[in-house]
Amino acid sequence: MATGRSHRPATRSRGIPEATVARLPLYLRALTALSERSVPTVSSEELAAAAGVNSAKLRKDFSYLGSYGTRGVGYDVEYLVYQISRELGLTQDWPVVIVGIGNLGAALANYGGFASRGFRVAALIDADPAMAGKPVAGIPVQHTDDLEKIITDNGVSIGVIATPAGAAQQVCDRLVAAGVTSILNFAPTVLSVPDGVDVRKVDLSIELQILAFHEQRKAGEEAASPDGAVPPSVSRADSHETDQGPEGDVPAVMPA
């Protein structure tokens, strides 16, 4: 089976916009649920609703994949699952290392969805000597002293950082120096990486703050309009609007 170093997804070379790439996993999740229910076909409207986007945007996204559906029938669910999985690079095995096996790192290690989505947790790494050798999710934790060897031996190109903020950049630098070219960062800090290295940041506190903003905004609308009506200048859709980009709606706050 191929590993992460032998192939890179072709989305960029084929000119698929980043906003479209960010939505492909949403479509895949909705399609996988339909497939599990043995649903053979789905309309663009039904799939868009399940993925939480509008149908016009979905059809435009699929046009980049060369998939246009059949009028009056819709899209073939199984074929779209395969097509999107292939485009995302999920039809092969991607070994992943998780660095930082505290509460969050352990929770990620125990997540059961990796294998079914093309990812294999190849190693768990932590700086605490007391953690070395302890099994988490059936995988023995290894010490950070061996990080470079672990990366090389397992052909890892994707690393997950779940360390405290103060240690994240050093871990990132070592991962990159060892050959990791994609990083998923859960540490509450911005990482500096060289060209050619992709970083996606997941910050739960930021997402909660955004939700708090919307809650405050909704409360203000209700206070300004006791009967529940939305003022003419503010529609319900506006409270969930996103910034407009060249490829359509782009989330107002995107991961780094």
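A pocket is an open set of grid points, on a 1 Å grid over the protein atoms alone, where a 1.4 Å probe fits and protein lies on both sides within 12 Å along at least five of seven lines; its lining residues have an atom within 4 Å of a point. The legends below describe a predicted model.

**The second largest pocket is lined by 21 residues.** The residues nearest the centre of this pocket are Gly 100, Asp 126, Thr 163, Pro 164 and Ala 167. The space in the second largest pocket amounts to about 260 Å³. Helix H5 (103-109), strand E4 (119-126) and helix H7 (165-178) are the elements that each give two or more residues to its lining. H7 provides the largest share of the lining, with four residues. Sorted by class, the lining holds 12 nonpolar, seven polar and two charged residues.

**The whole protein, as a setting for the other views, has eight helices and 11 strands.** Of the 256 residues in the protein, 39% are buried. The accessible surface comes to about 14,000 Å², and carbon and sulfur atoms account for 57% of this surface. Among contacts between residues at least 6 apart in sequence, 58% join residues that are at least 24 apart.

**Tyr 27, Phe 62 and Tyr 75 are linked by ring pairs into a cluster.** How many aromatic pairs does a search of the whole structure find? The search finds three. One of them joins Tyr 27 and Phe 62 in an edge-to-face arrangement, with 5.0 Å from centre to centre and 75° between the planes. This pair links distant parts of the chain, since Tyr 27 belongs to helix H1 and Phe 62 to helix H3 (residues 55-65), 35 residues apart. Tyr 27 and Phe 62 are both buried. Phe 62 also pairs with Tyr 75: the ring centres are 5.1 Å apart and the planes lie at 85°, so this pair too is edge-to-face. The pair of Phe 62 and Tyr 75 again links distant parts of the chain, from helix H3 to strand E2 (residues 75-76), over 13 residues. Phe 62 has a relative accessible area of 0% and is therefore buried. Tyr 75 counts as buried because its relative accessibility is 5%, and the cut-off for buried is under 20%.

**Ser 38 has a positive phi although it is a residue other than glycine.** Most residues other than glycine have a negative phi. The phi of Ser 38, by contrast, is near 60°. Ser 38 is placed in the loop between helix H1 (18-36) and strand E1 (41-42). Is Ser 38 buried or exposed? With a relative accessibility of 62%, Ser 38 counts as exposed, the cut-off for exposed being over 50%.

**Ala 137, which is not a glycine, likewise has a positive phi.** The value for Ala 137 is about 55°. Ala 137 sits in the loop between strand E5 (135-136) and strand E6 (139-143). Because its relative accessibility is 39%, Ala 137 counts as partly exposed.

**Gln 142, in strand E6, is shown with its contacts.** Which residues does Gln 142 contact, leaving aside its neighbours within four places in sequence? They are Ala 123, Leu 124, Ile 125, Asp 126 and Ile 150. Asp 126 also appeared above, among the residues nearest the centre of the second largest pocket. The C-alpha atoms of Gln 142 and Met 131 are separated by 7.6 Å, and these two residues are 11 apart along the chain. Gln 142 has a relative accessibility of 30% and so counts as partly exposed.

**Lys 60 of helix H3 is viewed together with Thr 20.** Lys 60 and Thr 20 are 40 residues apart in sequence, and their C-alpha atoms are 8.8 Å apart in space. Helix H3, which contains Lys 60, is also the helix of Phe 62. Lys 60 counts as partly exposed, as its relative accessibility is 39%.

**Ser 205 is viewed together with Pro 188.** Ser 205 has its place in helix H8 (residues 204-224). A separation of 8.6 Å lies between the C-alpha atoms of Ser 205 and Pro 188, which are 17 residues apart along the chain. The relative accessible area of Ser 205 is 37%, so this residue is partly exposed.

Note on methods
Residues are numbered from 1 along each chain as its sequence is written. This is a predicted model: local features need pLDDT of at least 70, side-chain atom pairs count only at pLDDT 80 or more; totals for chains, interfaces and linings use all residues. Side-chain values use heavy atoms; hydrogens and water are left out. Buried means under 20% relative accessible area, exposed over 50%, partly exposed in between (1.4 Å probe, protein chains only). Contact means heavy atoms within 4.5 Å. Accessible areas come from the Shrake-Rupley method with a 1.4 Å probe; for residues, only the protein chains shown count as cover. Rings of Phe, Tyr and Trp (its six-membered ring) pair if their centres lie within 6.5 Å; planes under 30 degrees apart count as stacked, over 60 as edge-to-face and the rest as tilted. Grid points are joined across faces, edges and corners, and a volume is the space filled by probe spheres set on the points. Ala, Val, Leu, Ile, Met, Phe, Trp, Tyr, Cys and Pro count as nonpolar, Asp, Glu, Lys and Arg as charged, and the others, Gly among them, as polar.
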